[in-house]
Amino acid sequence: MNSNNTQSSILIIGAGLCGSLLALRMAQRGYQVQLIEKRPDLREVHQDAGRSINLAFSDRGMKGIKRVGLEEEVKKLCIPMHGRMIHNLGAEPFMSNYSGRDNEYINSISRTDLNAMLLDACDKMDNIEIKYNLACKNVSLEEAKATFEDYTTKEQTTFSADVILGADGAGSSVRKSMFLNKNFLFSFSQDYLTHGYKELSIPPAENNGYRTFKNALHIWPRGEDMLIALPNLDGSFTVTLFLPYSDSDYCYDTLTTPEMVTEYFEKEFPDVLELIPNLAEEFFENPTGPLGTIKCSPWHCYGKNLILGDAAHAIVPFYGQGMNASFEDVAVFDDILDAHEGESWEAIFKAYEAARKPDTDAIANLAVDNFHEMKEHTASDLFQQKRKLEMAFEAEFPEDYHSKYSLVTFKEDIGYKEAKMRGRAQDKAILNLLDDGKLPDTLPLKEKLNIVNKETQDILHDD
Ligand code: FAD
């Protein structure tokens, strides 16, 4: 089947963030789309207490959203976060901006509101049919047929299509069927961190006010552990604790009573304790989630099946890029459909994976790096000196300098792979130069930038 035949039927499995955006874009291109979701319609049934209620949304995510013309709708759901508010133990919190350019910031957005808005837009398309409560059990890949089980009746149904797009998240059933298929070589890796996450909440103040500064991503870095908080539109904050499962004085294995949880917070996060009135209840009621990276290849088979979003590349959340990358997938796929118009689906899928995988591998690695940066280095003096210098470069020479964070988060015209290479080289250059005293305060800023750029080029050349 040729990809420019808009009579092609497309079955999208998973109506989460990636699947609903993908369905919308494919329908806008004229395809007949069936979108099938395991859970109930999230606009009708409240779900998922304790599972990343809000997310950091940034430019690469917006790139995907722009493709479907929902930019203005999404902006209404966003709370700008201009930087990290860092809460060191026993010290006054301070703000470390994400960029020296005023127009570069990230946003806090509700997962449910964003997903609901995308589903509302899907509902308006005549060529999208959405079904809920149907969990994909397996996919007959050669025939592009998927079998689903009804959530309530347990009845099984099979749907077929010309093409199946798996957007069913980190535990993807489509990927599992590819893994189990013996007719082609499928590489797969899953790496867990030793830490798990647990969500807690800071309730709104009176009249939906905020109990702490609204427009920041709050971080309490404590070396091994870390707490973060993102604002919600109703005045509350969603707080996430990142803590080891075991082998530490305070870890999920040892925090087994309300007294121990309170003792831990009194010691490590005393300023947060008064902000979370239901700490112990939430700690024990909310699940502890694992944090893992999934890489696999190929992402497609038989010219009939392709996986996207977390199904193809789940990453740890420390760069705030999982959803953003999944939305960017849709934009990249859309570009590939344009560039390869009239070619077979197999050719399209191959071109898409070749264009995209180096970038999703790069963000997977950067996200693990950022875990260590956030919990350990944000508090260090050298790191703060580096950030201060980078902010000054970005403010004075906005066209000439982008920090690693800016390259990854805001510079959506380059891929994650390039952002990683340039960003890491710059980091190494600045840290070495600062450590060696080669960027004294007396030096004009332009000269410092020239030295950093030269050192960065040397590092890139040596690598
Ligand atoms: P999902 O959102 O998981 O959606 C998959 C959908 O498929 C779901 O609706 C699911 O019900 C459905 N499904 C699953 N199995 C089946 C099946 N068998 N049959 C039918 N349907 C099925 N990303 C960011 O960009 N910024 C952040 O700040 C951020 N913070 C995060 C914090 C945490 C703690 C975590 C865990 C993740 C975070 N992420 C963040 C990552 C982000 O949540 C994911 O990258 C994003 O949700 C991926 O979208 P997706 O649609 O591919 O997968």
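Is Asp 247 buried, partly exposed or exposed? I will start there, and I should say at once that what we are looking at is a predicted model. Asp 247 is in the loop between strand 16, residues 237–244, and helix 6, and because its relative accessibility is 79%, where exposed means over 50%, it counts as exposed. Its backbone also deserves a remark, since phi of Asp 247 is near 60°, a positive value in a residue other than glycine.

Asn 133 is another residue of this kind, with a positive phi near 65° although it is not a glycine. Asn 133 sits in the loop between strand 8, residues 128–131, and strand 9, and at 23% relative accessibility it counts as partly exposed. As background, most residues other than glycine have a negative phi, and most peptide bonds are trans. On that second point, the bond joining Ser 297 and Pro 298 is cis, with omega at about -5°, and Pro 298 belongs to the loop between strand 17, residues 288–297, and strand 18, residues 300–301.

Let me turn to the helices, beginning with helix 6, which covers residues 258–268 and in which Val 261, Tyr 264, Phe 265 and Glu 268 are buried. Viewed down the helix axis, these buried residues fall within an arc of 95°, so they line one face of helix 6. The face turned away from that buried side carries Glu 259 and Lys 267, which are exposed. The general background is that an α-helix has 3.6 residues a turn, so residues three or four places apart point the same way. Within helix 6, Tyr 264 has 0% relative accessibility and therefore counts as buried; its C-alpha atom is 9.5 Å from that of Cys 251, a residue 13 positions away in sequence.

Helix 4 comprises 13 residues, 111–123, and at 1.5 Å a residue it should span 18 Å, which agrees with the 18 Å between its end C-alpha atoms. Its buried residues include Leu 114, Met 117, Leu 118 and Cys 122. At the start of helix 4, a side-chain oxygen of Ser 110 comes within 3.3 Å of the backbone nitrogen of Thr 112.

What, then, surrounds the ligand? There are 31 residues around the ligand, of which Glu 37, Arg 39, Ala 56, Arg 111 and Asp 310 come nearest. By class, this shell has 13 nonpolar, eleven polar and seven charged residues. As for individual atoms, a side-chain N or O atom of Asp 310 lies 2.8 Å from an oxygen of the ligand, a backbone N or O atom of Lys 38 is 3.1 Å from a ligand nitrogen, and a polar backbone atom of Leu 17 is 3.3 Å from a ligand oxygen. The ligand taken alone exposes 990 Å², and the protein buries 88% of that area. Two or more residues of the shell come from each of helix 1, strand 3, strand 9 and helix 10, and helix 10 gives the most, with four residues.

I will finish with Ser 58, which is found in the loop between strand 3 and helix 2, residues 59–67. Ser 58 is buried, with a relative accessible area of 3%, and its side chain makes a polar contact of 3.3 Å with the side chain of Gln 321.

How values were computed
Residues numbered from 1 in each chain as written. Predicted model: local features only at pLDDT ≥ 70, side-chain atom pairs only at ≥ 80, totals over all residues. Heavy atoms only, no water. Near = heavy atom within 4 Å. Polar contact = N/O pair within 3.5 Å; in protein donor to acceptor, adjacent residues only side chain to side chain. Areas by Shrake-Rupley, 256 points an atom, 1.4 Å probe, with all protein chains shown as cover. Nonpolar A, V, L, I, M, F, W, Y, C, P; charged D, E, K, R; others polar. Expected span 1.5 Å × (residues − 1). Buried < 20%, exposed > 50% of the residue type's maximum accessible area, 1.4 Å probe, protein only. Arc of directions from axis to C-beta.
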